[in-house]
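Please open the model in a viewer and keep the sequence panel at hand. The tour below proceeds by selections, each followed by a description of what is found there.

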Amino acid sequence: MTPCCRILIPYRSNSFLGIPFKKTHNSFHTNLTNFRFNLKQKYDFYNYPPCILGSGRIINGTRTILGSNSSLGQSRVFSSHCNNGINPRGYHVIASVASNFRNYSTSVEKTRVNDKNFERIYVHGGLNNVKPFVVDKVDLDEQYDLQQHVNNDEKVEGVKEEESQAVKEAWKLLENAVVTYCGSPIGTLAANDPNDKLPLNYDQVFIRDFIPSALAFLLKGEKEIVRNFLLHTLQLQSWEKTVDCYSPGQGLMPASFKVRTVPLDDNKYEEVLDPDFGESAIGRVAPVDSGLWWIILLRAYGKITGDYGLQERVDVQTGIKLIINLCLSDGFDMFPSLLVTDGSCMIDRRMGIHGHPLEIQALFYSALRCSREMLSLDEGSKNLVNAINNRLSALSFHIREYYWVDMKKINEIYRYKTEEYSTEATNKFNIYPEQIPHWLMDWIPEEGGYLIGNLQPAHMDFRFFTLGNLWSIVSSLGTPKQNEAILNMVEAKWDDLVGLMPLKICYPALESEEWRIITGSDPKNTPWSYHNGGSWPTLLWQFTLACIKMNRIDLARKAVDLAEKRLRVDQWPEYYDTRYGKFTGKQARLYQTWTIAGFLTSKMLLENPEIASLLFWEEDYDLLEICVCALKKSGRKKCSRGAAKSQILV
């Protein structure tokens, strides 16, 4: 029996219009053994129309797409039924963007904004609470001959045989992890271990986790699942989500969603989309990175498939504007970097990254560049595009100038004067030289450098965060010289940052009293485990992309070969523990989908490195001509934009 499909929107009360809801079941089908993608299948997304097109409201029975101004209210819940009828009145959106790299589509897709036959929304009252793991502390100290293991030679024939088997198994596992909604693929499970009896939220589709899966499918030529994912997650964007009667900003994307099966009368059932915006997550933290990843994937979809009609739809344009407006909203912060709380990104537990973590800044910069490419340039978006340009200029200067460290910069900080009150101060953030950790002074190589993890008044987090540095290369947030230096440092510190399994999520790990204070004695983030210095194979695809951009394919191949020897044998774990990544993580899920997809994406990028240019950004020299420094307007001393430009052009 074909189910009816709806969206499950948690709301403040347990009823809607005075009608109580029935309890739902948490079962849905994920074993897709017979699922196969067919590129020649004449499937069009309009055969199954989206339940909602962006953020909207009902006016006189007609749904209206809202604009992107700050006065937007919350979206309204409405009800109607699915139909394949197409409104004859389409919307032609002019795709004029501030980028020379965009290839325009030859056709513009009609957007059925006024389609009368929309699908009914199912509103439900609440989500199931999840309980955290109770874990035991283990001793992770090890004495291991790393170099002997890394240099263990194998026959070339054996390696090729293993590579073939690993890729074949990975594709099979990835297809088995696909989740369907109303008979169409919509995403992949976070993990699909058949022996896991306590999946928590690993049986959901995460936006950030799906990115490598989406790229793997796109690089293989299968775009249906990615298109469905982009449109259905857009449906979940603007709805009111509350924690303790408080609603976050409009435009927030969920961290994850689940397809639930709800029984109806007469032995019928329906499928519902149940999003999680953080109100059920451990720590109750809203995801900052979900919307940024969504925009990045939207651009990648257009670049790889050539289907720019998707991003030109009115509902998709509205979704982009809502996300960017949320990120660009005014607040108390004085810096162009995005202010976020601990646990709001890939590191989704307390790890001392509150403030302005590099990972978010790199993704934010990428999302701004993507949006500038994709936004239709008209009267409604002109001011937003100007704001994006100004923020890009300020953010790139801020990160390049203040987050960068190498031997020269560390020595400069070591000789800082403090308590400087002046617009001409050298030590603008009042950093005390005593903050420089002893490990860094001995660890930093003569050649190379990196972007630090965080910067706030009187605080520099000198830890190396891999995702932020890699994505700074990919997005050209760093200068060309800085990007080259980051990979030089990775090569120089290969044993520390790669070891036996690429790649460390951060280095070094927090230990002893520092671990207790900063992590809150988190038993899952013990030293050299999970987010605290653990090794995450999913970072492999981003490392590969960065290496291809900087013409260091040798480093990428070395890392991929290293991972390929172990991942299949170890059953594709989520992360690895210990200083060199010797052991499978103590609580790591097996058959972790983004581990599998990251490996496949890396392999395909190495086989076709020319396609990687569609996924990264080159230096935008026009941004160097834009100076938004307020000191210039007030007649005070100008910022050092000219000096920064000179440094980049060297």
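At what angle do the axes of helix α7 and helix α8 cross, and within what distance do they come? In this predicted model, select residues 314-328 for α7 and residues 358-374 for α8; the two axes come within 11 Å and cross at roughly 140°. The angle makes α7 oblique to α8, and the crossing is left-handed. To display the contact, show the side chains of Q317, I320, I324, C327 and L328 in α7, which meet F364, A367, L368, S371 and M374 in α8. By class, the residues of this contact comprise eight nonpolar, two polar and no charged.

**A residue within α7**

Select D315, which lies in helix α7. Is D315 buried or exposed? D315 is buried, because its relative accessible area is 1% and the limit for a buried residue is under 20%. Next add R313 to the selection: the side chains of D315 and R313 are joined by a polar contact of 2.9 Å.

**From α8 to α9**

Keep α8 on display and add helix α9, residues 382-402. The axes of α8 and α9 cross at roughly 145° and come within 10 Å; this crossing is left-handed. On the α8 side the contact is made by L358, Q361, F364, Y365, L368, R369, S371 and R372, and on the α9 side by V385, I388, N389, R391, L392, L395, S396 and I399. The contact of α8 with α9 has nine nonpolar, four polar and three charged residues.

**The pair α12 and α16**

Now select residues 466-475 for helix α12 and residues 540-549 for helix α16. Their axes are 9 Å apart, and the helices pack at an angle of about 40°. That angle makes α12 oblique to α16, and α12 passes α16 in a left-handed crossing. Show L467, L470, W471, I473, V474 and S475 in α12; these residues meet W541, Q542, F543, L545, A546 and K549 in α16. The residues of this contact divide into nine nonpolar, two polar and one charged.

**Two buried loop residues**

Select P287, in the loop between β11 (269-276) and α5 (289-305). P287 counts as buried, because its relative accessibility is 4%. Which residues are in contact with P287, leaving aside its neighbours within four places in sequence? They are R208, L252, M253, P254, A255, F277 and S344. For one of these, A255, the C-alpha distance to P287 is 5.5 Å, although the two residues are 32 residues apart along the chain.

Continue to C182, in the loop between β7 (178-181) and β8 (184-188). With a relative accessible area of 18%, C182 is also buried. Add V272 to the view: C182 and V272 are 90 residues apart in sequence, and their C-alpha atoms are 9.2 Å apart in space.

**Backbone geometry**

The next selections concern phi angles and peptide bonds. Most residues other than glycine have a negative phi, and most peptide bonds are trans.

Select D266, in the loop between β10 (256-263) and β11. Phi of D266 is near 60°, a positive value in a residue other than glycine. D266 counts as exposed, at 67% relative accessibility. Then select W528, in the loop between α15 and α16. W528 is not a glycine, yet has a positive phi of about 65°. W528 counts as buried, at 5% relative accessibility.

Which residues are joined by the cis peptide bond whose second residue is P508? The bond joins Y507 and P508, with omega about -5°. P508 is found in the loop between β17 and α15 (512-519). A further cis bond runs from P502 to L503, with omega near -5°. L503 is placed in the loop between α14 (494-497) and β17 (506-507).

**The chain as a whole**

To close, clear the selections and display the entire protein chain. Its secondary structure comes to 20 helices and 19 strands. Of its 650 residues, 59% are buried. Among contacts between residues at least 6 apart in sequence, 75% join residues at least 24 apart.

Methods: Residues are numbered from 1 along each chain as its sequence is written. This is a predicted model: local features need pLDDT of at least 70, side-chain atom pairs count only at pLDDT 80 or more; totals for chains, interfaces and linings use all residues. Side-chain values use heavy atoms; hydrogens and water are left out. Axes are lines fitted to C-alpha atoms, for helices over the stretch in contact, and angles run from 0 to 180 degrees between N-to-C directions. Helices (H or I, at least four residues) and strands (E, at least two) are DSSP runs, numbered from the N terminus. Angles under 35 degrees count as roughly parallel, over 145 as roughly antiparallel, 65 to 115 as roughly perpendicular and the rest as oblique. A crossing is left-handed if the near helix is turned anticlockwise from the far one by less than a right angle, and right-handed if clockwise. Contact means heavy atoms within 4.5 Å. Ala, Val, Leu, Ile, Met, Phe, Trp, Tyr, Cys and Pro count as nonpolar, Asp, Glu, Lys and Arg as charged, and the others, Gly among them, as polar. Buried means under 20% relative accessible area, exposed over 50%, partly exposed in between (1.4 Å probe, protein chains only). A polar contact is a pair of N or O atoms within 3.5 Å; within protein, one must be able to donate a hydrogen and the other to accept it, and residues adjacent in sequence count only if both atoms are side-chain atoms.
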